[in-house]
Amino acid sequence: MREQKKSSTMHKNIWYPFTIIQDAPEPLKVTKGDGLWLELEDGRRIMDCISSWWVNIHGHAHPKIAEAIHEQAKKLEQVIFANFTHDPAEKVAEQVTNRLPGDLNRVFYSDDGSTAVEVGMKMAWQYWKNRGEERKTFICFEGAYHGDTFGAMSAGARSMFTEVFSELLFDVEFLPYPQTWIGDDEAGDKEDAVIEQLEAMLNENPDKYAGIMIEPLIQGAGGMRMCRTSFLQKLHWVNRQYGTLLLFDEVMTGFGRTGHWFASDRAQVEPDIICLAKGLTGGSLPLSITVCSDEIYEAFNSSDPMKTFWHGHSYTANPIGCAAAIASMELMEENEPTFSAMEQWHREELDQLMDHSKLKKQRVTGTIAAIEIDNEDEDGYLNEVANHIKKESVNHGLLLRPLGNVLYLMPPYCTTRDELSTMYKGIAELLEG
Ligand SMILES: *Cc1c(COP(=O)(O)O)cnc(C)c1O
(Lines give C-alpha, C1' and ligand atoms only; values in the text may rest on other atoms or scores of the structure.)
Protein backbone atom coordinates (compact mmCIF):
# COMPACT_ATOMS: atom_id res chain seq x y z
CA MET A 1 0.00 0.00 0.00
CA ARG A 2 1.22 3.47 -0.78
CA GLU A 3 1.93 5.78 2.06
CA GLN A 4 -0.60 8.54 2.45
CA LYS A 5 1.27 11.72 1.48
CA LYS A 6 0.28 15.03 2.86
CA SER A 7 0.88 17.98 0.60
CA SER A 8 4.24 19.54 1.29
CA THR A 9 4.71 23.23 1.85
CA MET A 10 8.27 23.14 0.60
CA HIS A 11 9.22 24.57 -2.78
CA LYS A 12 8.18 22.17 -5.52
CA ASN A 13 11.59 22.21 -7.22
CA ILE A 14 13.89 21.96 -4.23
CA TRP A 15 15.13 18.99 -2.24
CA TYR A 16 16.27 20.38 1.12
CA PRO A 17 19.24 18.85 3.01
CA PHE A 18 18.91 17.07 6.38
CA THR A 19 15.14 17.27 6.10
CA ILE A 20 12.60 14.54 6.79
CA ILE A 21 10.35 15.45 3.86
CA GLN A 22 6.94 14.57 5.25
CA ASP A 23 7.50 15.99 8.73
CA ALA A 24 9.23 19.20 7.76
CA PRO A 25 7.60 22.46 8.72
CA GLU A 26 7.36 25.12 6.04
CA PRO A 27 10.81 26.65 5.58
CA LEU A 28 11.05 30.27 6.65
CA LYS A 29 12.00 32.62 3.88
CA VAL A 30 14.93 34.87 4.71
CA THR A 31 15.11 38.14 2.83
CA LYS A 32 18.07 39.86 4.45
CA GLY A 33 21.00 39.27 6.75
CA ASP A 34 22.64 41.98 8.81
CA GLY A 35 25.30 41.08 11.38
CA LEU A 36 23.74 38.92 14.06
CA TRP A 37 20.27 39.44 12.59
CA LEU A 38 18.19 37.72 9.92
CA GLU A 39 15.09 39.30 8.47
CA LEU A 40 12.17 37.09 7.45
CA GLU A 41 9.71 37.70 4.65
CA ASP A 42 6.94 38.32 7.17
CA GLY A 43 8.95 41.15 8.70
CA ARG A 44 10.18 39.34 11.82
CA ARG A 45 13.82 39.73 12.86
CA ILE A 46 15.67 36.89 14.58
CA MET A 47 19.14 36.51 16.10
CA ASP A 48 21.27 33.91 14.34
CA CYS A 49 22.55 32.26 17.54
CA ILE A 50 24.40 29.51 15.67
CA SER A 51 26.05 31.46 12.83
CA SER A 52 23.77 29.54 10.44
CA TRP A 53 25.51 26.24 9.72
CA TRP A 54 28.39 27.42 11.93
CA VAL A 55 29.97 29.47 9.16
CA ASN A 56 29.10 33.17 9.58
CA ILE A 57 31.76 33.99 12.15
CA HIS A 58 31.39 37.76 11.63
CA GLY A 59 27.62 37.69 11.19
CA HIS A 60 25.78 38.19 7.92
CA ALA A 61 26.49 40.45 4.96
CA HIS A 62 29.59 42.06 6.42
CA PRO A 63 30.40 45.11 4.25
CA LYS A 64 34.15 44.42 4.26
CA ILE A 65 33.70 40.89 2.94
CA ALA A 66 31.08 42.08 0.43
CA GLU A 67 33.50 44.73 -0.80
CA ALA A 68 36.36 42.24 -1.17
CA ILE A 69 34.11 39.90 -3.16
CA HIS A 70 32.95 42.74 -5.41
CA GLU A 71 36.49 43.93 -6.14
CA GLN A 72 37.80 40.44 -6.87
CA ALA A 73 34.82 39.54 -9.07
CA LYS A 74 35.57 42.51 -11.28
CA LYS A 75 39.25 41.54 -11.57
CA LEU A 76 39.44 37.74 -11.82
CA GLU A 77 36.51 35.56 -10.84
CA GLN A 78 37.93 32.10 -11.53
CA VAL A 79 40.89 30.47 -13.24
CA ILE A 80 42.20 26.94 -13.66
CA PHE A 81 44.54 26.25 -10.73
CA ALA A 82 46.94 23.70 -12.29
CA ASN A 83 49.87 25.37 -14.05
CA PHE A 84 48.34 28.71 -13.09
CA THR A 85 48.29 30.58 -9.80
CA HIS A 86 47.02 33.90 -8.45
CA ASP A 87 47.64 36.38 -5.65
CA PRO A 88 44.53 35.70 -3.54
CA ALA A 89 45.36 31.96 -3.24
CA GLU A 90 48.98 32.69 -2.38
CA LYS A 91 48.00 35.29 0.20
CA VAL A 92 45.50 33.02 1.96
CA ALA A 93 48.09 30.22 2.08
CA GLU A 94 50.71 32.56 3.57
CA GLN A 95 48.37 34.04 6.15
CA VAL A 96 46.93 30.72 7.31
CA THR A 97 50.28 28.95 7.56
CA ASN A 98 51.72 31.92 9.50
CA ARG A 99 48.99 31.38 12.06
CA LEU A 100 49.22 27.58 12.24
CA PRO A 101 51.57 25.82 14.64
CA GLY A 102 54.77 24.01 13.70
CA ASP A 103 55.65 23.15 10.14
CA LEU A 104 52.12 23.02 8.74
CA ASN A 105 53.26 24.83 5.63
CA ARG A 106 51.51 23.35 2.57
CA VAL A 107 47.98 24.37 1.68
CA PHE A 108 45.76 22.27 -0.58
CA TYR A 109 42.50 23.89 -1.68
CA SER A 110 39.06 22.31 -2.00
CA ASP A 111 35.44 23.39 -1.60
CA ASP A 112 33.89 22.35 1.72
CA GLY A 113 34.54 20.56 4.97
CA SER A 114 33.86 17.09 3.60
CA THR A 115 36.32 17.49 0.74
CA ALA A 116 38.93 18.98 3.09
CA VAL A 117 38.61 15.77 5.13
CA GLU A 118 38.74 13.54 2.02
CA VAL A 119 41.91 15.30 0.94
CA GLY A 120 43.46 14.90 4.39
CA MET A 121 42.72 11.18 4.50
CA LYS A 122 43.96 10.59 0.95
CA MET A 123 47.16 12.51 1.70
CA ALA A 124 47.79 10.47 4.85
CA TRP A 125 47.09 7.20 3.06
CA GLN A 126 49.33 7.96 0.10
CA TYR A 127 52.08 9.40 2.30
CA TRP A 128 52.77 5.88 3.60
CA LYS A 129 52.53 4.32 0.12
CA ASN A 130 54.98 6.85 -1.24
CA ARG A 131 57.38 5.83 1.52
CA GLY A 132 56.97 2.20 0.56
CA GLU A 133 54.87 1.27 3.59
CA GLU A 134 51.42 -0.24 3.80
CA ARG A 135 49.12 1.20 6.41
CA LYS A 136 45.73 -0.40 6.47
CA THR A 137 43.35 1.84 8.36
CA PHE A 138 42.63 4.93 10.44
CA ILE A 139 41.86 5.41 14.11
CA CYS A 140 38.80 7.63 14.61
CA PHE A 141 36.43 8.55 17.43
CA GLU A 142 32.99 7.43 18.48
CA GLY A 143 30.48 10.23 17.95
CA ALA A 144 32.62 11.86 15.26
CA TYR A 145 31.24 13.72 12.26
CA HIS A 146 33.58 14.50 9.37
CA GLY A 147 31.14 15.14 6.52
CA ASP A 148 28.83 13.36 4.11
CA THR A 149 31.09 12.07 1.34
CA PHE A 150 32.09 8.40 1.52
CA GLY A 151 35.53 8.79 3.04
CA ALA A 152 34.29 11.35 5.54
CA MET A 153 31.33 9.11 6.42
CA SER A 154 33.69 6.16 6.89
CA ALA A 155 35.75 8.16 9.39
CA GLY A 156 32.67 9.29 11.25
CA ALA A 157 30.48 7.48 13.76
CA ARG A 158 28.11 4.93 12.31
CA SER A 159 24.68 6.42 12.86
CA MET A 160 21.24 6.95 11.41
CA PHE A 161 22.89 9.21 8.83
CA THR A 162 25.23 6.53 7.49
CA GLU A 163 23.09 3.44 8.09
CA VAL A 164 21.78 2.96 4.52
CA PHE A 165 25.31 3.27 3.09
CA SER A 166 27.01 0.96 5.56
CA GLU A 167 28.06 -1.67 2.99
CA LEU A 168 29.89 1.01 1.03
CA LEU A 169 31.88 2.43 3.92
CA PHE A 170 35.41 1.27 4.68
CA ASP A 171 36.30 0.14 8.17
CA VAL A 172 38.15 2.31 10.63
CA GLU A 173 38.76 1.63 14.31
CA PHE A 174 36.94 3.73 16.88
CA LEU A 175 38.02 4.99 20.28
CA PRO A 176 35.70 6.63 22.81
CA TYR A 177 35.80 10.45 22.86
CA PRO A 178 36.49 11.46 26.48
CA GLN A 179 33.74 14.03 26.64
CA THR A 180 33.41 16.15 29.71
CA TRP A 181 31.29 18.97 31.15
CA ILE A 182 31.26 21.49 33.97
CA GLY A 183 31.44 19.69 37.31
CA ASP A 184 32.58 16.38 35.83
CA ASP A 185 35.27 14.98 38.11
CA GLU A 186 36.11 11.93 36.03
CA ALA A 187 37.59 13.74 33.04
CA GLY A 188 41.16 12.68 33.76
CA ASP A 189 40.23 9.01 34.24
CA LYS A 190 38.27 8.95 30.99
CA GLU A 191 41.22 10.43 29.12
CA ASP A 192 43.67 7.95 30.58
CA ALA A 193 41.42 5.01 29.70
CA VAL A 194 41.27 6.11 26.05
CA ILE A 195 45.00 6.69 25.89
CA GLU A 196 45.62 3.24 27.37
CA GLN A 197 43.37 1.68 24.74
CA LEU A 198 45.16 3.60 22.00
CA GLU A 199 48.58 2.50 23.25
CA ALA A 200 47.41 -1.11 23.32
CA MET A 201 46.26 -0.87 19.69
CA LEU A 202 49.52 0.71 18.58
CA ASN A 203 51.62 -1.76 20.53
CA GLU A 204 49.86 -4.68 18.98
CA ASN A 205 49.97 -3.37 15.40
CA PRO A 206 52.47 -0.53 15.17
CA ASP A 207 52.42 -0.50 11.35
CA LYS A 208 48.70 -0.80 10.83
CA TYR A 209 47.46 2.76 11.18
CA ALA A 210 47.82 5.52 8.59
CA GLY A 211 46.65 8.12 11.07
CA ILE A 212 44.50 9.21 13.97
CA MET A 213 41.70 11.61 13.05
CA ILE A 214 39.92 13.76 15.61
CA GLU A 215 37.73 16.83 15.95
CA PRO A 216 39.94 18.57 18.52
CA LEU A 217 38.26 19.92 21.69
CA ILE A 218 34.70 19.75 20.31
CA GLN A 219 32.80 17.13 18.34
CA GLY A 220 30.30 19.30 16.48
CA ALA A 221 27.44 17.50 14.76
CA GLY A 222 27.88 14.56 17.17
CA GLY A 223 26.33 16.79 19.86
CA MET A 224 28.84 19.50 20.86
CA ARG A 225 30.74 16.94 22.91
CA MET A 226 33.79 18.57 24.44
CA CYS A 227 37.13 17.23 25.65
CA ARG A 228 40.04 18.92 27.40
CA THR A 229 43.29 20.23 25.97
CA SER A 230 45.14 17.71 28.14
CA PHE A 231 43.61 14.87 26.13
CA LEU A 232 44.92 16.30 22.87
CA GLN A 233 48.35 16.68 24.43
CA LYS A 234 48.37 13.04 25.52
CA LEU A 235 47.15 11.98 22.08
CA HIS A 236 49.89 14.00 20.46
CA TRP A 237 52.50 12.47 22.69
CA VAL A 238 51.41 8.91 21.90
CA ASN A 239 51.23 9.77 18.24
CA ARG A 240 54.85 10.94 18.34
CA GLN A 241 56.00 7.82 20.20
CA TYR A 242 54.52 5.53 17.59
CA GLY A 243 55.16 7.68 14.54
CA THR A 244 51.66 7.68 13.09
CA LEU A 245 50.04 10.79 11.63
CA LEU A 246 47.73 13.05 13.60
CA LEU A 247 44.87 14.59 11.61
CA PHE A 248 42.87 17.45 13.10
CA ASP A 249 39.47 18.09 11.59
CA GLU A 250 39.18 21.76 12.55
CA VAL A 251 36.42 22.38 10.00
CA MET A 252 34.23 23.69 12.82
CA THR A 253 36.75 24.57 15.55
CA GLY A 254 38.95 26.66 13.25
CA PHE A 255 38.96 30.46 13.03
CA GLY A 256 38.29 31.51 16.58
CA ARG A 257 35.61 29.08 17.68
CA THR A 258 37.58 27.75 20.64
CA GLY A 259 38.53 31.25 21.78
CA HIS A 260 41.85 30.92 19.97
CA TRP A 261 42.52 31.02 16.24
CA PHE A 262 42.58 27.21 16.15
CA ALA A 263 41.96 24.39 18.63
CA SER A 264 45.54 23.31 17.97
CA ASP A 265 46.66 26.73 19.27
CA ARG A 266 44.60 26.41 22.39
CA ALA A 267 45.91 22.92 23.07
CA GLN A 268 49.47 23.76 22.01
CA VAL A 269 49.50 20.68 19.80
CA GLU A 270 50.92 20.33 16.30
CA PRO A 271 49.01 17.90 14.12
CA ASP A 272 50.49 16.63 10.84
CA ILE A 273 47.40 17.52 8.82
CA ILE A 274 44.67 20.05 9.55
CA CYS A 275 41.35 20.49 7.74
CA LEU A 276 39.71 23.93 7.70
CA ALA A 277 36.50 25.13 6.11
CA LYS A 278 33.45 26.60 7.83
CA GLY A 279 34.74 29.96 9.07
CA LEU A 280 37.38 30.37 6.37
CA THR A 281 35.44 32.85 4.22
CA GLY A 282 33.36 34.19 7.10
CA GLY A 283 30.42 32.23 5.75
CA SER A 284 30.30 34.05 2.44
CA LEU A 285 31.52 31.46 -0.07
CA PRO A 286 32.30 27.75 -0.06
CA LEU A 287 36.05 27.24 0.20
CA SER A 288 38.21 24.91 2.26
CA ILE A 289 41.82 23.98 2.79
CA THR A 290 43.81 21.02 4.00
CA VAL A 291 47.20 21.99 5.38
CA CYS A 292 49.97 19.44 5.81
CA SER A 293 53.48 19.42 7.24
CA ASP A 294 56.62 19.81 5.16
CA GLU A 295 57.42 16.17 5.81
CA ILE A 296 54.20 14.98 4.21
CA TYR A 297 54.60 17.27 1.23
CA GLU A 298 58.17 16.03 0.71
CA ALA A 299 56.92 12.46 0.36
CA PHE A 300 55.06 13.63 -2.77
CA ASN A 301 57.88 15.81 -4.09
CA SER A 302 58.91 13.51 -6.91
CA SER A 303 58.86 13.16 -10.70
CA ASP A 304 57.20 9.77 -10.34
CA PRO A 305 53.54 9.95 -11.46
CA MET A 306 52.74 7.20 -8.95
CA LYS A 307 53.86 9.49 -6.14
CA THR A 308 51.72 12.37 -7.36
CA PHE A 309 48.61 13.48 -5.51
CA TRP A 310 45.91 13.10 -8.17
CA HIS A 311 43.18 15.17 -6.65
CA GLY A 312 41.53 18.48 -7.53
CA HIS A 313 38.20 20.20 -8.07
CA SER A 314 36.97 22.47 -10.84
CA TYR A 315 36.68 25.45 -8.48
CA THR A 316 39.93 24.76 -6.61
CA ALA A 317 41.20 27.98 -4.96
CA ASN A 318 38.45 30.12 -6.45
CA PRO A 319 39.84 33.69 -6.40
CA ILE A 320 36.61 35.27 -5.11
CA GLY A 321 36.48 32.75 -2.27
CA CYS A 322 40.13 33.48 -1.48
CA ALA A 323 39.49 37.25 -1.48
CA ALA A 324 36.63 36.68 0.96
CA ALA A 325 38.94 34.56 3.15
CA ILE A 326 41.54 37.35 3.25
CA ALA A 327 38.89 39.86 4.31
CA SER A 328 37.53 37.45 6.90
CA MET A 329 40.97 36.88 8.43
CA GLU A 330 41.45 40.65 8.71
CA LEU A 331 38.17 40.81 10.60
CA MET A 332 39.37 37.94 12.81
CA GLU A 333 42.22 40.17 13.93
CA GLU A 334 39.81 43.00 14.72
CA ASN A 335 37.40 40.66 16.51
CA GLU A 336 39.96 38.78 18.57
CA PRO A 337 38.85 40.57 21.77
CA THR A 338 35.30 39.22 21.28
CA PHE A 339 36.03 35.65 20.40
CA SER A 340 38.54 35.34 23.19
CA ALA A 341 36.17 36.92 25.75
CA MET A 342 33.06 34.95 24.82
CA GLU A 343 33.93 31.87 26.90
CA GLN A 344 33.76 33.97 30.07
CA TRP A 345 30.43 35.50 28.98
CA HIS A 346 28.99 32.04 28.36
CA ARG A 347 30.18 30.87 31.78
CA GLU A 348 28.51 33.81 33.51
CA GLU A 349 25.24 33.13 31.70
CA LEU A 350 25.40 29.35 32.19
CA ASP A 351 25.90 29.95 35.91
CA GLN A 352 22.42 31.43 36.06
CA LEU A 353 20.90 28.56 34.09
CA MET A 354 22.71 25.94 36.16
CA ASP A 355 19.92 25.31 38.63
CA HIS A 356 17.35 24.64 35.97
CA SER A 357 15.95 21.19 36.71
CA LYS A 358 15.61 20.27 33.04
CA LEU A 359 19.30 20.75 32.26
CA LYS A 360 22.40 18.61 32.56
CA LYS A 361 26.02 18.48 31.34
CA GLN A 362 26.56 22.19 30.77
CA ARG A 363 29.80 22.82 28.88
CA VAL A 364 31.65 25.59 27.13
CA THR A 365 34.76 25.96 25.01
CA GLY A 366 35.50 29.39 23.60
CA THR A 367 32.54 30.76 21.67
CA ILE A 368 30.52 27.52 21.87
CA ALA A 369 28.27 26.60 24.80
CA ALA A 370 26.03 23.54 25.08
CA ILE A 371 23.48 22.13 27.50
CA GLU A 372 21.50 18.91 27.48
CA ILE A 373 17.79 18.92 28.05
CA ASP A 374 16.65 16.12 30.28
CA ASN A 375 13.29 14.76 29.18
CA GLU A 376 11.49 11.43 28.88
CA ASP A 377 12.63 10.91 25.32
CA GLU A 378 15.87 9.05 24.58
CA ASP A 379 19.00 11.23 24.22
CA GLY A 380 20.02 11.63 20.60
CA TYR A 381 19.29 13.38 17.34
CA LEU A 382 15.63 12.37 17.13
CA ASN A 383 14.74 13.57 20.62
CA GLU A 384 11.42 15.38 20.18
CA VAL A 385 12.53 18.46 22.06
CA ALA A 386 14.62 19.49 19.02
CA ASN A 387 11.61 20.09 16.79
CA HIS A 388 9.81 21.93 19.53
CA ILE A 389 12.74 24.30 20.10
CA LYS A 390 13.46 24.79 16.38
CA LYS A 391 9.88 25.92 15.94
CA GLU A 392 9.37 27.91 19.14
CA SER A 393 12.72 29.70 19.16
CA VAL A 394 11.70 31.80 16.17
CA ASN A 395 8.75 33.11 18.17
CA HIS A 396 11.28 34.20 20.81
CA GLY A 397 13.36 36.01 18.17
CA LEU A 398 16.09 33.37 18.03
CA LEU A 399 17.46 30.96 15.45
CA LEU A 400 18.33 27.80 17.38
CA ARG A 401 18.73 24.31 15.98
CA PRO A 402 19.39 21.76 18.73
CA LEU A 403 21.15 18.50 17.94
CA GLY A 404 18.51 16.27 19.48
CA ASN A 405 18.36 17.19 23.16
CA VAL A 406 21.62 19.15 22.97
CA LEU A 407 20.91 22.85 22.83
CA TYR A 408 23.90 24.98 21.90
CA LEU A 409 24.92 28.51 21.09
CA MET A 410 27.60 29.38 18.54
CA PRO A 411 27.14 33.12 17.99
CA PRO A 412 29.07 35.24 15.49
CA TYR A 413 31.87 37.45 16.82
CA CYS A 414 29.85 40.64 16.25
CA THR A 415 27.61 39.57 19.15
CA THR A 416 27.69 41.95 22.12
CA ARG A 417 27.60 40.96 25.79
CA ASP A 418 24.00 42.23 25.99
CA GLU A 419 22.92 40.33 22.91
CA LEU A 420 24.34 37.14 24.38
CA SER A 421 22.29 37.79 27.54
CA THR A 422 19.20 38.19 25.37
CA MET A 423 19.87 34.78 23.83
CA TYR A 424 20.09 33.16 27.26
CA LYS A 425 16.92 34.93 28.44
CA GLY A 426 15.16 33.55 25.37
CA ILE A 427 16.43 30.07 26.18
CA ALA A 428 15.22 30.33 29.79
CA GLU A 429 11.76 31.33 28.50
CA LEU A 430 11.77 28.47 26.00
CA LEU A 431 12.60 25.99 28.77
CA GLU A 432 9.76 27.32 30.92
CA GLY A 433 7.31 27.05 28.02
C1 LIG B 1 30.58 20.54 9.02
C2 LIG B 1 31.71 19.66 9.30
C3 LIG B 1 32.29 18.89 8.27
C4 LIG B 1 31.73 18.86 6.88
O5 LIG B 1 31.80 20.10 6.28
P6 LIG B 1 30.84 20.45 5.04
O7 LIG B 1 31.27 21.80 4.62
O8 LIG B 1 29.44 20.42 5.59
O9 LIG B 1 31.06 19.41 4.01
C10 LIG B 1 33.41 18.13 8.57
N11 LIG B 1 33.93 18.12 9.81
C12 LIG B 1 33.41 18.84 10.82
C13 LIG B 1 34.05 18.81 12.16
C14 LIG B 1 32.28 19.62 10.60
O15 LIG B 1 31.74 20.33 11.61
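**View 1. Helix 2 and helix 10 cross in a right-handed way.** Welcome to this predicted model; our tour starts with a pair of helices. Helix 2 covers residues 63-75, and helix 10 covers residues 319-353. Their axes come within 8 Å and cross at roughly 150°. An angle over 145 degrees counts as roughly antiparallel, so helix 2 and helix 10 are roughly antiparallel to each other.

**View 2. Helix 6 packs with helix 7 at an angle of about 15°.** Here you can find helix 6 at residues 187-204 and helix 7 at residues 229-242. The axes of these two helices are 10 Å apart. Because the cut-off for roughly parallel is under 35 degrees, helix 6 is roughly parallel to helix 7. The crossing of helix 6 and helix 7 is right-handed.

**View 3. A shell of residues lies around the ligand.** Look for Trp54, Asp112, Gly113, Ser114, Tyr145, His146, Gly147, Glu215, Asp249, Val251, Met252 and Lys278. What kinds of residues make up the shell around the ligand? The shell divides into four nonpolar, four polar and four charged residues.

**View 4. Gly113, Ser114 and Lys278 each place a polar atom by a ligand oxygen.** In Gly113, a polar backbone atom is 2.8 Å from an oxygen atom of the ligand. Ser114 uses its side chain instead: a polar atom there lies 2.6 Å from a ligand oxygen. For Lys278, an N or O atom of the side chain is 2.6 Å from an oxygen atom of the ligand. The protein covers 82% of the 380 Å² of accessible area that the ligand has on its own.

Conventions: Residues are numbered from 1 along each chain as its sequence is written. This is a predicted model: local features need pLDDT of at least 70, side-chain atom pairs count only at pLDDT 80 or more; totals for chains, interfaces and linings use all residues. Side-chain values use heavy atoms; hydrogens and water are left out. A residue is near a molecule or strand if one of its heavy atoms lies within 4 Å of it. A polar contact is a pair of N or O atoms within 3.5 Å; within protein, one must be able to donate a hydrogen and the other to accept it, and residues adjacent in sequence count only if both atoms are side-chain atoms. Accessible areas come from the Shrake-Rupley method with a 1.4 Å probe; for residues, only the protein chains shown count as cover. Ala, Val, Leu, Ile, Met, Phe, Trp, Tyr, Cys and Pro count as nonpolar, Asp, Glu, Lys and Arg as charged, and the others, Gly among them, as polar. Axes are lines fitted to C-alpha atoms, for helices over the stretch in contact, and angles run from 0 to 180 degrees between N-to-C directions. Helices (H or I, at least four residues) and strands (E, at least two) are DSSP runs, numbered from the N terminus. Angles under 35 degrees count as roughly parallel, over 145 as roughly antiparallel, 65 to 115 as roughly perpendicular and the rest as oblique. A crossing is left-handed if the near helix is turned anticlockwise from the far one by less than a right angle, and right-handed if clockwise.
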